Amino acid sequence: MSSFAFTLRPMDPRDADQVLAVYQAGLDTGQASFETEAPAWEDFDAGRLPAHRHVAAAPDGKVLGWIAVSAVSTRPVYAGVVEHSLYIHPDARGHGIGTALLQALIASTEAAGIWTIQSGVFPDNTASLALHHKAGFRTVGTRERIARHHGRWRDVILLERRSDHPHTV
Ligand SMILES: CC(C)(COP(=O)(O)OP(=O)(O)OC[C@H]1O[C@@H](n2cnc3c(N)ncnc32)[C@H](O)[C@@H]1OP(=O)(O)O)[C@@H](O)C(=O)NCCC(=O)NCCS
């Protein structure tokens with residue numbers, strides 16, 4: 001893996017345009033999500049927990065990638081269960097940025113008492129599957145033909161990482 005200069009910091013509303021552009025580029029791969037269009041910033045902002053949004057930035061400030069989580073349920077018993085999204089700029093993939101953002105998310109969620117992070121990944125997204133397994137996620141199972149993507153029913157592999165942090169066992 002070659003070196004690629006970046007720093008991690010909290011996402012800022014001023015990152016909105018770049019975050020959504022990186023999001024759209026990921027959706028355009030056809031392997032990232034059932035979504036096909038990035039949302040408006042207002043919808044993105046409303047659906048994601050403010051304390052767990054991280055960006056990777058180049059020395060010139062350009063956003064190279066981001067990670068964020070949504071609550072999976074409004075039920076209080078599931079307050080410590082979140083689902084994350086991870087998107088890296090097409091020019092910056094394969095340089096460890098996704099791994100670094102995922103580690104930052106694990107650290108911030110563990111510090112906040114969140115005990116499970118989950119994600120649904122298309123079986124074809126081998127990069128995402130490898131990255132998550134290396135970070136300690138396990139495969140829960142395959143959700144068969146769970147939804148349609150461009151009209152085609154597709155499977156999703158459900159991954160999760162259960163914390164063993166002393167506060168959450
Ligand atoms: C999937 C994605 C997030 C990976 O981020 P990244 O910064 O490129 O990943 P990293 O450089 O941290 O790589 C981590 C591991 O993933 C695996 N990996 C990364 N790119 C890969 C590729 N093209 N093919 C196979 N495995 C790959 C490797 O195991 C790698 O570890 P290694 O370098 O030690 O071998 C990124 O490619 C991306 O944004 N894709 C489009 C959006 C998307 O699919 N998001 C995930 C939705 S679930």
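**Ligand surroundings and selected residues in a predicted model**

Ser108 is buried, its relative accessible area being 16%, because buried applies to any value under 20%. The structure described here is a predicted model, and the values that follow were computed from its atoms. Ser108 is found in helix 3, the helix that spans residues 97-111. The side chain of Ser108 is joined to that of His54 by a polar contact of 3.0 Å. When neighbours within four places in sequence are left aside, the residues in contact with Ser108 are Ala51, His52 and His54, so that His54 appears both as a contact and as the partner in the polar pair.

The ligand sits in the largest pocket of the model. Around the ligand are 20 residues, of which Gly94, Gly96, Gly98, Thr99 and Lys134 come nearest. Strand 4 (81-88), helix 3 (97-111) and helix 4 (126-134) each supply at least two residues of this shell, and the largest share, five residues, comes from helix 4. Helix 3 is therefore both the element that holds Ser108 and one of the elements that contribute to the ligand shell.

Three polar approaches to oxygen atoms of the ligand can be described, two of which involve the protein backbone. A polar backbone atom of Gly94 lies 2.7 Å from an oxygen atom of the ligand, and a polar backbone atom of His95 lies 3.2 Å from an oxygen atom of the ligand. In the case of Thr99, an N or O atom of the side chain is 2.6 Å from an oxygen atom of the ligand. On its own the ligand has 920 Å² of accessible area, and the protein covers 73% of that area.

Phe6 lies in the segment before strand 1 (7-10) and counts as partly exposed, because its relative accessibility is 27%. Residues up to four places away in sequence not being counted, Phe6 touches Ala56, Ala57, Leu64, His95, Gly96, Ile97 and Ala100. Among these contacts, His95 also has the polar backbone atom placed 3.2 Å from a ligand oxygen, and Gly96 is one of the residues that come nearest to the ligand. The C-alpha atoms of Phe6 and Ile117, which are 111 residues apart along the chain, are separated by 24 Å.

Gly61 occupies the loop between strand 2 (54-57) and strand 3 (63-71), and it is partly exposed because its relative accessible area is 33%. Apart from residues up to four places away in sequence, Gly61 touches Arg9 and Gln18. Between Gly61 and His84 there are 23 Å in space, C-alpha to C-alpha, for a separation of 23 residues in sequence.

Arg145 lies in strand 6, which comprises residues 138-149, and counts as exposed because its relative accessibility is 53%, where the exposed class begins over 50%. Leaving aside neighbours within four places in sequence, Arg145 is in contact with Trp153, Arg154 and Asp155. For Arg145 and Asp155, ten residues apart in sequence, the distance in space is 4.5 Å from C-alpha to C-alpha. The backbone of Arg145 has a phi near 45 degrees, a positive value in a residue other than glycine.

His150 likewise is not a glycine and has a positive phi, of about 50 degrees. Most residues other than glycine have a negative phi. The place of His150 is in the loop between strand 6 and strand 7, and His150 counts as exposed because its relative accessibility is 67%.

Thr168 is placed in the segment after strand 7 (152-162), and it counts as buried because its relative accessibility is 8%. The side chains of Thr168 and Ser163 are joined by a polar contact of 3.2 Å. With residues up to four places away in sequence not counted, Thr168 touches Gly113, Ile114, Trp115, Arg162 and Ser163, so that Ser163 is a touching residue as well as the polar partner of Thr168.

How values were computed:
Residues are numbered from 1 along each chain as its sequence is written. This is a predicted model: local features need pLDDT of at least 70, side-chain atom pairs count only at pLDDT 80 or more; totals for chains, interfaces and linings use all residues. Side-chain values use heavy atoms; hydrogens and water are left out. Helices (H or I, at least four residues) and strands (E, at least two) are DSSP runs, numbered from the N terminus. Buried means under 20% relative accessible area, exposed over 50%, partly exposed in between (1.4 Å probe, protein chains only). A polar contact is a pair of N or O atoms within 3.5 Å; within protein, one must be able to donate a hydrogen and the other to accept it, and residues adjacent in sequence count only if both atoms are side-chain atoms. Contact means heavy atoms within 4.5 Å. A residue is near a molecule or strand if one of its heavy atoms lies within 4 Å of it. Accessible areas come from the Shrake-Rupley method with a 1.4 Å probe; for residues, only the protein chains shown count as cover. On a 1 Å grid over the protein atoms alone, a cavity is a set of points where a 1.4 Å probe fits but cannot get out, and a pocket is an open set with protein on both sides within 12 Å along at least five of seven lines; lining residues have an atom within 4 Å of a point. A molecule sits in a cavity or pocket if more than half of its atoms lie within 2 Å of its grid points.
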